[in-house]
Structure formats: structure tokens, C-alpha cells
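Biologist: Please take a close look at one part of this model, the interface. Go through it slowly, as a first-year student will read the answer.

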Amino acid sequence: MSKPLILDPRTKLGVVLVIGFLIFGSTVTQLLLLFSVTALYGFLNGVRRSLPIYVLILLLYFLSDYFASETRNILFVSLAFFSYFIVCFLPALLAGEVLVRTPAGQLMSALTAWHLPKTIIVAFSVSLRFVPIAGMEIRSIHEVMKQRGVAFFSRTGWLHPWRVFECALVPLMIRLLKISDELTASAITRGAEAPIRRTSVHEIKFHFCDYAVILLLLILTFVLLVRR
Amino acid sequence: MRKKFLGIRDVVTIAIFTAAIMMIGSALSKVFGVLSFLTAGGAILVSGAVISFLTAPLFLLMVLKVGKHGAIFLHSILYGFIFLLAGLPHMVIFYALVGLIGEAMMMPRGSGYRHVFRSGLACSVFLSVKSLHPAAILWIIGNYNPQGVHGYTAAQIAKMMDIYFNPITVGLIFVLTFVGSAIGSFAGARLLRRHFVKSGILQINE
């Protein structure tokens, strides 16, 4: 399998912003065009495992839309209506996934080059990196709760909701505070509080690929805006 | 000496709690999205209340642990940035305004950020205003392109929008979420006193 493209994180952020604005006001055909372009962009940038899921959602929309127009059944119409809203965001979600996969250090260096406040850069990078970890923590707490017989949908869960509430939230809160302490120590060790400008081993610079992506994005924007 | 402005520790704490609150919120939103099919949209009315009830203790702990002005605003802005990645750049403005409302609740300087009742009230107001974000998303999409589905006519979509933007519906969502988050804050404060204040992890003013 070919290696993913190496893009400047600022290009990735620019793609997310432009796609985010373009999805509004687009017809279904234009959304399909946007989706095809971002799917190719995602594929070239290493988003390969989740790509079939996006395609499946798109197929679900077309299927429910077809049945909605044929049968006028309220279930299909509702499904088509809600899946349309999800389909609207697929191109932006794909572009967002490419950005989320960027290593935190590289993203921080790129945002520093844009002279964004340090508070925003650190908070944004940490929260992006922590979203999947938060999911893992919640799942592992639920696993332990199941072993102790206080799972959400167990008998105890229905009979003593307060106990379940406490058993779920207290370990999560303790864990979040512990992780925040560890991350703070790690950030301070790496000089996050230093008053001088942050240096990085990552070379933040626009390459040929970045210019090509920006040019293609400008062409796409022009085509879509002219067609409206 | 305590720093007056947000330090690295505070920023990391806010970022981590924001990610956790976001995870819980998005998981429950998916459940309520499915339930709304079965209850003809009724689940949408209570989804904000349930999500706020469960996330209020986390929000309260975040606010009390950081204990400095700017915590609610940064949390809100981060929420907006995460929506930006999902293709909704407009939501950054919505969340900036919601964050300012949350900060305004703590405005008289003093021990606001360490006071359980004040923090709980700010949490309830903040989460109630935040619960209107699906309405904001619908408004944005509805205004741009209301005809994406063949089964619906423009008139039907306009009617749907009318139902959602009916002052009674919006008011009901706001009130239910306020009640949910107030109960969540109360329960959260009890948990914090029992497990965190006693062990010295957290210092609060009653």
C-alpha cells in the first residue's frame, strides 16, 4: 500500500474550513462531488479503514431516499431526512478525520506558526488527542462495573440508579484528574510553560503537495460557487 | 501563590474534561437520535435534560477544580472547535456566545468559581443554553438547503422547522434541560463533597 501524503497541518485545517463552508447550500449532486473529492483526499492521507463506513452511510441515504420517494412510508421518509443531515457532513467529517490523525506535536508547531494563543493551541491539541482515550476509559469503567454487578442495564442498575450513577462517575472523575496531572507534568517537562517561542523537530513548511491541494481546492470552490 | 490566569495545568484539565463531556454527550445523542424515531421526536425534548444531568457533575468538577475566570469560555470554545472539525464552522460563534453567558454568570468577582451554588447555577444556565445547539444546527442547514430529501416537500420541511422553532418547543427544551442540569449539579455537588472534598482533592466554598 502506498505511503500517505505528507501535508502541512495548516493545509489540512484549511481544507476542513473550506469544505465546512462549501457543504452548505450544495445540492445532493454537489455533495456527491464533494464527497468523492474528500474521499480521494482521505484515501491519499491514510484514512482507509473508516472509508467504507462513510460509503455505507451514503448508500443508506440513497436507499432510504429511494424507498421514501417510492413508498412515502413515514419510517423511510424520517430515515431519509435524518440520514440527509448526516450525509451533509460526510465530506467535512472525512476532512476532519485527516486533521485529527495529525501527530499532536506537528499540529502544535503548525498552529504556533499561525501565532495562535498558546492556551488555545494546547487545549485544542489535548482535547483532540484525548477524545478516543476518553471513550476507552468509559468502556473500561463499564467493564469493571459489569464484573461487580452494577452495570447500567443490570438488575442493580434498575433498582439502585444512584449507586450506578456514583459507581460510573466517581472513577471517571478520579481518572480524568489523574490523567490531567500526568499530562500537565509531561507538558511542563517539555517546556510548555516556557516564555520563549516553542521549537520543534517537525519541519513546518508548505511543500509541492500542499500547493497542489490548495490549487485543487480553489478550483473546486470556484466550480461549486459558479454552479449555484 | 495561585495564578490569576489559566495556566498549563488548568488548560489541560479543561481540555480533558471537555473531551470526556463531549464523548458522553455524543454517545447519548446517538441513542436519543434512534429513540426519536420511535417516539415521533419526543425523545429530542428530554435528550438535553438527560445529557445535562449526566455531564453536570463533570462540568462542576472542572469549574471548581480550575477555579479561575475563563474556564467556562475556554470549554465552550473548545466545543465550538470540535464542531468546526465536523463541518460546522458557524457553531464556533454560537459556542463563543454560550461561553460568554456562562462567564457572565460568574461575573461578580470573588469566590464565584469556588462557590458550589454559583458554579451549579452557572452550570445549569450554560448547559440549558448549550442544549439549544441542535436547533442552531437545524437552523443553519434549513436556511441553506431545505430540500435534500425526495420524500419531503418544501412546505413539509418548513412545517417541521416551525415545530422545532416554536417558542413552546424551544422553551420546553430549555426548561427541561435547566431542571436536568440543576438536579445533576445537586447530585454532583453531593458526590464532590463525599469523595473529593473529604480526601482533599478539591477545595470549595459553601
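Modeller: Helices and strands here are DSSP runs, numbered from the N terminus: H or I over at least four residues for a helix, E over at least two for a strand. This is a predicted model, so local features need pLDDT of at least 70 and side-chain atom pairs pLDDT 80 or more, while totals for chains, interfaces and linings use all residues. Residues are numbered from 1 along each chain as its sequence is written, chains are lettered from A and ligands numbered from 1 in the order written, and side-chain values use heavy atoms, without hydrogens and water.

Chain A comes before its interface. Along the sequence it reads α-α-α-α-α-α-α-α-α, that is, nine helices and zero strands. Of its 228 residues, 44% are buried, where buried means under 20% relative accessible area, exposed over 50%, and partly exposed in between (1.4 Å probe, protein chains only).

Now the interface. With contact taken as heavy atoms within 4.5 Å, 61 residues of chain A touch 53 residues of chain B. The size of an interface is often given as the accessible area lost when the parts come together. Buried area is that loss, found with a 1.4 Å probe and summed over both parts. For chain A and chain B it is about 5200 Å², with 82% on carbon and sulfur atoms.

Side chains of opposite charge can pair when their charged atoms come close. A salt bridge here is a side-chain nitrogen of Lys or Arg within 4 Å of a carboxyl oxygen of Asp or Glu. The rule finds two of them across the interface of chain A and chain B. It also finds three residue pairs in polar contact there, both residues at pLDDT 80 or more (a pair of N or O atoms within 3.5 Å; within protein, one must be able to donate a hydrogen and the other to accept it, and residues adjacent in sequence count only if both atoms are side-chain atoms). On the side of chain A that touches chain B, the elements giving two or more residues are α1 (9–22), α3 (51–71), α4 (74–100), α6 (118–147) and α8 (161–189). The largest share, 17 residues, comes from α8(A). By class, this side has 44 nonpolar, 12 polar and five charged residues. Ala, Val, Leu, Ile, Met, Phe, Trp, Tyr, Cys and Pro count as nonpolar, Asp, Glu, Lys and Arg as charged, and the others, Gly among them, as polar.

Helix α8 of chain A also takes part in a salt bridge within its own chain, between E137(A) and R175(A) (3.0 Å, N to O). E137(A) lies in α6 and R175(A) in α8, so the pair ties together parts 38 residues apart in sequence. E137(A) is buried at 13% relative accessible area, and R175(A) is partly exposed at 32%.

The bridges between the chains use α8(A) as well. R194(B), in helix α8 (residues 167–197) of chain B, pairs with E166(A) in helix α8 of chain A, so this pair joins two chains. Their side chains meet at 3.6 Å, N to O. R194(B) is partly exposed at 41%, whereas E166(A) is buried at 12%. R9(B) and D181(A) form a salt bridge with the closest N and O atoms 2.7 Å apart. R9(B) lies in helix α1 (residues 8–38) of chain B and D181(A) in helix α8 of chain A, so this pair also joins two chains. R9(B) is partly exposed at 44%, and D181(A) is partly exposed at 38%.

Conventions:
Buried area = accessible area lost by both parts, 1.4 Å probe.
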